[in-house]
Amino acid sequence: RLRVHGGCRAGEEDVRQVCAVKNYGKNEGYMSYLGCRAEDYKSGDWEKCAVEGVKADVIKKCYEKDGKDLLRKDFALASALGIGGSPTFLANNRHIFNGVDAETIKTNFCKHNPGLSGCGAKLSSDSQVQGSCQ
């Protein structure tokens, strides 16, 4: 599983993201929500990203009921694994690596999964990161 946190401090969006993973993790349906929010995570209009089967009312209910507890558990797991930065990836529940650009992520993932189709493809190495903790 992939967890994406807002970065510098836990906030409302972090809670919504763990709720999306909880409710739509089975078929990775949460990825459309995370991708959409990554484009403008500071925007308060998060509901526009509840698409492709992700329902805003399900996210809201989770947020209000047990979302903060889910986030605490998620951060505790990250801490136990020695993960302190974002994005950090865990391949095959064993190999921790970082990467921002697509090529670095693919290279690190494929290093631990040789022979996968697509591993020979050259991806973008543009790593211009936007956003900050300000």
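# Helix 3 and its links to the rest of the fold

Lys61 lies in helix 3, and in this predicted model that residue is a convenient place from which to begin. Lys61 counts as exposed because its relative accessibility is 61%, and the cut-off for that class is over 50%. The C-alpha atom of Lys61 is separated by 10.0 Å from that of Arg16, a residue 45 positions away along the chain. Arg16 belongs to helix 1, and the relation between helix 1 and helix 3 is the thread of what follows.

Helix 3 spans residues 56-80, and its course is not that of a straight rod: although the helix has 25 residues, its end C-alpha atoms are only 31 Å apart, short of the 36 Å that a straight helix would reach at 1.5 Å a residue. A kink of about 75 degrees is found in this helix, with its centre on Asp66. Beyond the end of helix 3 comes Gly82, a residue with a positive phi, near 80 degrees.

Which residues of helix 3 are buried? They are Ala56, Ile59, Cys62, Gly67, Leu71, Asp74 and Ala78, and the partner against which the buried residues of this helix pack is helix 1, residues 12-24.

A covalent link accompanies this packing, for Cys19 and Cys62 are joined by a disulfide with an S to S distance of 2.2 Å. The pair connects distant parts of the chain, with Cys19 in helix 1 and Cys62 in helix 3, 43 residues apart. Its torsion about the S-S bond is about -80 degrees, so this disulfide is left-handed. Cys19 counts as buried because its relative accessibility is 0%, and Cys62, at 5%, counts as buried too.

The count of disulfides comes to three, and another of them involves helix 2. Cys36 and Cys49 are joined with an S to S distance of 2.0 Å. Cys36 lies in helix 2 and Cys49 in the loop between helix 2 and helix 3, so the bond ties together parts that are 13 residues apart in sequence. The torsion about this S-S bond is about -65 degrees, so the disulfide of Cys36 and Cys49 is left-handed. Cys49 has a relative accessible area of 1% and is therefore buried.

The loop that holds Cys49 also holds Ser43, which lies between helix 2 (30-39) and helix 3. Is Ser43 buried or exposed? Ser43 is buried, because its relative accessible area is 18% and the class takes in values under 20%. The side chain of Ser43 reaches the backbone nitrogen of Asp45 at a distance of 3.0 Å.

Cys110 and Cys119 also form a disulfide, with their sulfur atoms 1.9 Å apart. With -85 degrees about the S-S bond, this link is left-handed, and both Cys110 and Cys119 are buried.

Charged side chains supply a further set of contacts, and the structure holds eight salt bridges. Returning to Arg16, one finds its side chain meeting that of Glu13 in a salt bridge, at 2.9 Å from N to O. Arg16 and Glu13 both lie in helix 1, three residues apart, or about one turn of the helix. An α-helix has 3.6 residues a turn, so residues three or four places apart point the same way. Both Arg16 and Glu13 are buried, and the two take part in a network of salt bridges that also links Glu12 and Arg37.

Within helix 3, the side chains of Asp69 and Lys73 meet in a salt bridge at 3.3 Å, N to O, and these two residues are four residues apart, about one turn of the helix. How accessible are Asp69 and Lys73? Asp69 counts as partly exposed because its relative accessibility is 33%, whereas Lys73, with a relative accessible area of 54%, is exposed.

In helix 4, residues 102-111, Glu103 and Lys106 are three residues apart and therefore separated by about one helical turn. Glu103 forms a salt bridge with Lys106, the closest N and O atoms being 3.2 Å apart, and both Glu103 and Lys106 are buried.

Conventions: Residues are numbered from 1 along each chain as its sequence is written. This is a predicted model: local features need pLDDT of at least 70, side-chain atom pairs count only at pLDDT 80 or more; totals for chains, interfaces and linings use all residues. Side-chain values use heavy atoms; hydrogens and water are left out. Buried means under 20% relative accessible area, exposed over 50%, partly exposed in between (1.4 Å probe, protein chains only). A polar contact is a pair of N or O atoms within 3.5 Å; within protein, one must be able to donate a hydrogen and the other to accept it, and residues adjacent in sequence count only if both atoms are side-chain atoms. The expected span of a helix is 1.5 Å times one less than its number of residues. The bend at a residue is the angle between axes fitted to the seven residues ending there and the seven starting there. Contact means heavy atoms within 4.5 Å. A salt bridge is a side-chain nitrogen of Lys or Arg within 4 Å of a carboxyl oxygen of Asp or Glu. A disulfide is a pair of cysteine sulfur atoms within 2.5 Å.
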